[in-house]
Amino acid sequence: MTSAAGGTREATEDEIAEEWRERARRTGLRRVMRCSQPDSLNAGVTEQTRGVVAHQLTLVAERLGRRPRQALEIGCGIGRLTPTIAAHAERVHAIDMTPAMLDQARDTCRHLPAVEFACVRADRLRPPPERYDAAVCVWVLMHVLDESRLADTCRVIAESTRYLTLIEYEHASVPVSKWSRLRSLEEYVRLLPGAEVVDERMVDYGGDRSFAALIALGGQAGR
């Protein structure tokens, strides 16, 4: 259990896991996006996000001089972005903490043999034997509430990949819930050793803003 500012109790790991199991019982994009928003807005934001991810993975390929061989998707949910990542990488390793979400993602990506899924929490990620060329993490780290665990998670991500597409809210008119915490791009960059932002743009979600940053890690910016 962690404590929020002012001493109020934050959600436990079990409560967070149950929240995502409950979300998985929703329909469509409401499983992973705001259930209070119209489906058309959720669909539009998803298309916009796919375009940003595709653009930044194209930039990664240009910098590497080849397609990414191995890509990591952190928090794949129902697989709404996984096919886009798979279109720009030779192989994709997609992780999520919720089995029911992974079942839907596997069904969505059943035509993509180069995608493999694993049930892993983002804050339990461990560095692979060989670094990924690219990683994509979209509206996931905001759900890591404990600051020390977030720092550990960012360190592991930096050790695990050469380039990271990170999309997180920087402003939301809807109050932050006990399930999430808004942080700036600068805060994340400070937590990612060797990080340098090489592309940044905005994703608009019904008037709320998210940054979408391509971050080079481990001295990759000049490569």
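These are my notebook entries on a few helices, strands and side chains that I looked up in a predicted model.

**Entry 1: helix α2**

I began with helix α2, which runs over residues 39–64. I counted 26 residues in α2. From its first C-alpha to its last, α2 reaches 37 Å, close to the 38 Å expected at 1.5 Å a residue. I then looked at what comes after the helix. Gly65 follows α2, and its phi is positive, near 80°.

Next I listed the buried residues of α2. They are Asn42, Val45, Thr46, Thr49, Val52, Val53, Ala54, Gln56, Leu57, Leu59 and Val60. I asked what these buried residues pack against. The partners I found are helix α3 and the strands β4 (132–138), β5 (161–171), β6 (196–205) and β7 (208–216).

**Entry 2: Ile85**

I moved on to helix α3, residues 82–86, and picked Ile85 in it. Is Ile85 buried or exposed? Its relative accessibility is 0%, so Ile85 counts as buried. I left aside the neighbours within four places in sequence and listed the other contacts of Ile85. They are Val53, Leu57, Ala71, Glu73, Val92 and Val136. Two of these names were already in my notes, since Val53 and Leu57 are among the buried residues of α2.

I also checked one distance. Ile85 and Ser160 lie 75 residues apart in sequence, and their C-alpha atoms are 17 Å apart in space.

**Entry 3: strands β2 and β3**

Val92 in the contact list of Ile85 led me to the strands. Strand β2 covers residues 91–96 and strand β3 covers residues 115–119. I noted that β2 and β3 pair in the parallel sense, over five bridges. Val92 has Val115 in β3 as its bridge partner. To get from β2 to β3, the chain passes through helix α4, residues 99–108. I recorded this β-α-β crossover as right-handed.

**Entry 4: helix α4**

I looked up which residues of α4 are buried, and found Met101, Leu102 and Ala105. These residues are on the same side of α4, because they cover an arc of only 95° around the axis. I added a general reminder for myself: an α-helix has 3.6 residues a turn, so residues three or four places apart point the same way. I then asked what covers the buried residues of α4. The cover includes helix α1 (13–23) and the strands β2 and β3.

**Entry 5: aromatic rings**

Last, I searched the whole structure for aromatic pairs. How many are there? The search gave four. I also noted one aromatic cluster, formed by Trp139, Tyr169 and Tyr205.

Terms used. Residues numbered from 1 in each chain as written. Predicted model: local features only at pLDDT ≥ 70, side-chain atom pairs only at ≥ 80, totals over all residues. Heavy atoms only, no water. Pairing = 2+ DSSP bridges. Helix = DSSP H or I, 4+ residues; strand = E, 2+ residues; numbered from the N terminus. Right-handed = clockwise from strand over helix to strand, strands pointing away. Phe/Tyr/Trp six-rings, centres within 6.5 Å; stacked < 30°, edge-to-face > 60°. Buried < 20%, exposed > 50% of the residue type's maximum accessible area, 1.4 Å probe, protein only. Arc of directions from axis to C-beta. Contact = heavy atoms within 4.5 Å. Expected span 1.5 Å × (residues − 1).
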